[in-house]
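Work through the exercises below with the coordinates open. Each one sets a task and then solves it in steps.

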Amino acid sequence: MAIRRISSEERLTTSFPLQSYAFERSPANAAATQETRQYLPYNEGNVTLVAEESDTVVAAASAIPMRQNIRGTVFPMAGIAGVATHPLARRQGHVRRLLTQLLGEMRDEGHAATALYPFRPSFYERFGYVGFPKPRTVTFSPADLNHFLRLDLPGEVTWQRIKDGYDTYRDFIHRSLAERHGFAAFPDYRAARQRDSDEEWLVMAVVDGETVGAVTYRIEDHAGDLLAGDLLTTGPVGRALLLQFFARHVDQVARVTTTVSANESPELWATDFAAHTEAKISFPGSSAPMARILSMEALHGIAAGPGRVTIEVVDDPFIAGTYLLNGEGGRLEVTAERAATPAATLTAAGISALVYGVLDPVEVALRGFGAVPDAAATALRGIFPPRTPRLFASF
Ligand SMILES: CC(C)(COP(=O)(O)OP(=O)(O)OC[C@H]1O[C@@H](n2cnc3c(N)ncnc32)[C@H](O)[C@@H]1OP(=O)(O)O)[C@@H](O)C(=O)NCCC(=O)NCCS
């Protein structure tokens, strides 16, 4: 098997057909095949590797050069997408080799982390990925937001089609990227697909000229559903302005559905608010994202709590080694320590779980991601306080 990085146009005859078979209605009709050409610009800067056997492409995997906030610092991050093997070539190790090479190339090009939406988490756990909490979808009747109609709020909302408000929305996405742990943003060429398809309305909450909230949505039908994307706000005023906007649809739609971070409590947004909040996990269709660290050295300088411990990362082609982690000054110091005796051993998934703040060190050991004695657990808990990462971008 040979692995090759392909160029933009080649996608039409190599990776796209495999992806189309794996993720779309199949077989594709002639019109759908024709349509795929229009997706080329949105893949332009992706790194796509294909595996070939006897000059036939049998598997493909792509990485989108994204950016992600990890504990307050923004890093280049590889968003993995379009992982697919021809049905006749599955279970022969093609994706194992393809993904290992792709992650190595992305790491060498400066990507400190990688994220994806797994068809099955156990598959990607073997590659060192760990699960993020799944964002919640909230469904409610606009009638339950009656209270917001009478609220005298500062600021205003703007309302336009996404193509018209796209630049301001993108500015707000970049601000969220700078401020929110776990948040990831697409490169411009990929993000532009949302503007060009122009299938959503955009509402933004603005106070004193500053954007404090934004949400995109579409209305399915009269007396039906208003389907909104992620409710992005900087705080309660931004959220109240957006909910007030939804409240004005009381005589138009029966339900509003939007997505919020896993640590939000929509039941506290209003009194008598009959919200249905859920995080439904099913495979392969509805998974929570996963992520992992690709470089320990890159983490030098991220925000950290007090603690000092030597760890060994084991069984990993990218970050295996022994490191002294020191968070005493409020910033993480990472020093490679060849000779030191580690106080804990961690797999790539284990250290990734701690860096992203999704598991306690004791859970890391219980999940099989390492051996963490009590003293090391205390130090690691101090260095990496729990956080709730919200990836935002879906791919
Ligand atoms: C999922 C898919 C990409 C796997 O590709 P593949 O080339 O068959 O995978 P590999 O043979 O390299 O398997 C790698 C490892 O994962 C294991 N594995 C394969 N499929 C798995 C599954 N469904 N669940 C858990 N483990 C799995 C293999 O046993 C192998 O383990 P090993 O190296 O220890 O033997 C392929 O089945 C596919 O195209 N499916 C449809 C599209 C899809 O779901 N893509 C993933 C989107 S996130």
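**Exercise 1. Domain layout**

Task: find how far apart the C-alpha centres of domain 1 and domain 3 lie, and how many residues each gives to the contact.

Solution.
- Step 1. Keep in mind that this is a predicted model.
- Step 2. Take the bounds from the domain assignment: domain 1 spans 2-116, domain 2 spans 136-278 and domain 3 spans 292-383.
- Step 3. Compute the separation. The C-alpha centres of domain 1 and domain 3 are 30 Å apart.
- Step 4. Count the contact residues, with heavy atoms within 4.5 Å as the criterion. Domain 1 supplies 13 residues and domain 3 supplies 15 residues.

**Exercise 2. An open sheet and its helices**

Task: give the strand order of the open sheet formed by 5 strands, and say which helices pack on it.

Solution.
- Step 1. Read off the order: β19-β18-β17-β20-β21, with mixed pairing.
- Step 2. Find the edges. β19 (333-336) and β21 (370-371) each have a single partner strand, so one side of each lacks a neighbour in the sheet.
- Step 3. Check the β21 edge. β20 (residues 344-346) and β21 run antiparallel and are joined by 2 bridges. L346 has G370 in β21 as its bridge partner.
- Step 4. Add helix α9 (residues 348-356). This helix packs on the sheet and touches β17 (308-313), β18 (321-326) and β20. The direction of α9 makes about 100° with that of β20.
- Step 5. Add helix α11 (residues 374-383). Helix α11 also packs on the sheet, touching β17, β18 and β20. Its direction makes about 100° with that of β17.
- Step 6. Go to the β19 edge. β18 and β19 pair in the antiparallel sense over 4 bridges. L325 has V334 in β19 as its bridge partner.
- Step 7. Inspect the turn. The hairpin of β18 and β19 has 6 residues between the strands, and G330 there takes a positive phi near 90°.

**Exercise 3. Helix α9 and I351**

Task: decide whether α9 is enclosed or open, then list what I351 touches.

Solution.
- Step 1. Apply the burial cut-off: under 20% relative accessible area.
- Step 2. Count. In α9, 9 of the 9 residues are buried, so the helix is largely enclosed by the rest of the structure. Among them are A348, G350, L354 and Y356.
- Step 3. Look just past the helix end. G357 takes a positive phi of about 80°.
- Step 4. Focus on I351, which is in helix α9. Its relative accessibility is 0%, so I351 counts as buried.
- Step 5. List contacts, leaving out residues up to four places away in sequence. I351 touches M296, I311, V313, I319, L325, L346 and F384.
- Step 6. Compute one long-range distance. I351 and F123 are 228 residues apart along the chain, and 18 Å separates their C-alpha atoms.

**Exercise 4. Rings and charges**

Task: find how F183 and F392 are arranged, and which charged ends sit over rings.

Solution.
- Step 1. Search the whole structure. There are 17 aromatic pairs.
- Step 2. Take F183 and F392. Their centres are 4.7 Å apart with 10° between the planes, and the pair is stacked.
- Step 3. Place the two rings. F183 lies in the loop between α6 (162-179) and β9 (184-185), and F392 in the segment after α11, so the pair ties together parts 209 residues apart in sequence.
- Step 4. Test burial. F183 has 0% relative accessibility, so it counts as buried.
- Step 5. Trace the ring cluster. Ring pairs link F119, F123, Y124, F127 and Y129.
- Step 6. Look for charges over rings. The charged end of R96 sits over the ring of F127, 5.0 Å from its centre. The charged end of R195 sits over the ring of Y166, 5.2 Å from its centre.

**Exercise 5. Two partners for β7**

Task: find which residues stand opposite T137 in β14 and in β15.

Solution.
- Step 1. Pair β7 (residues 136-140) with β14 (residues 255-260). They are antiparallel, over 5 bridges.
- Step 2. Read the partner in β14. T137 stands opposite T259.
- Step 3. Pair β7 with β15 (residues 276-278). These strands run antiparallel, with 3 bridges.
- Step 4. Read the partner in β15. T137 stands opposite E278.

**Exercise 6. An exposed proline**

Task: classify P386 as buried or exposed.

Solution.
- Step 1. Locate P386 in the segment after α11.
- Step 2. Compare with the cut-off for exposed, over 50%. P386 has 67% relative accessibility, so it counts as exposed.
- Step 3. Add a distance. The C-alpha atoms of P386 and T168 are separated by 32 Å.

Conventions: Residues are numbered from 1 along each chain as its sequence is written. This is a predicted model: local features need pLDDT of at least 70, side-chain atom pairs count only at pLDDT 80 or more; totals for chains, interfaces and linings use all residues. Side-chain values use heavy atoms; hydrogens and water are left out. Two strands pair if DSSP finds at least two bridges between them. Axes are lines fitted to C-alpha atoms, for helices over the stretch in contact, and angles run from 0 to 180 degrees between N-to-C directions. Rings of Phe, Tyr and Trp (its six-membered ring) pair if their centres lie within 6.5 Å; planes under 30 degrees apart count as stacked, over 60 as edge-to-face and the rest as tilted. Buried means under 20% relative accessible area, exposed over 50%, partly exposed in between (1.4 Å probe, protein chains only). A charge sits over a ring if NZ of Lys or CZ of Arg is within 6 Å of the ring centre and within 35 degrees of the ring normal. Domain bounds come from an automatic or database domain assignment.
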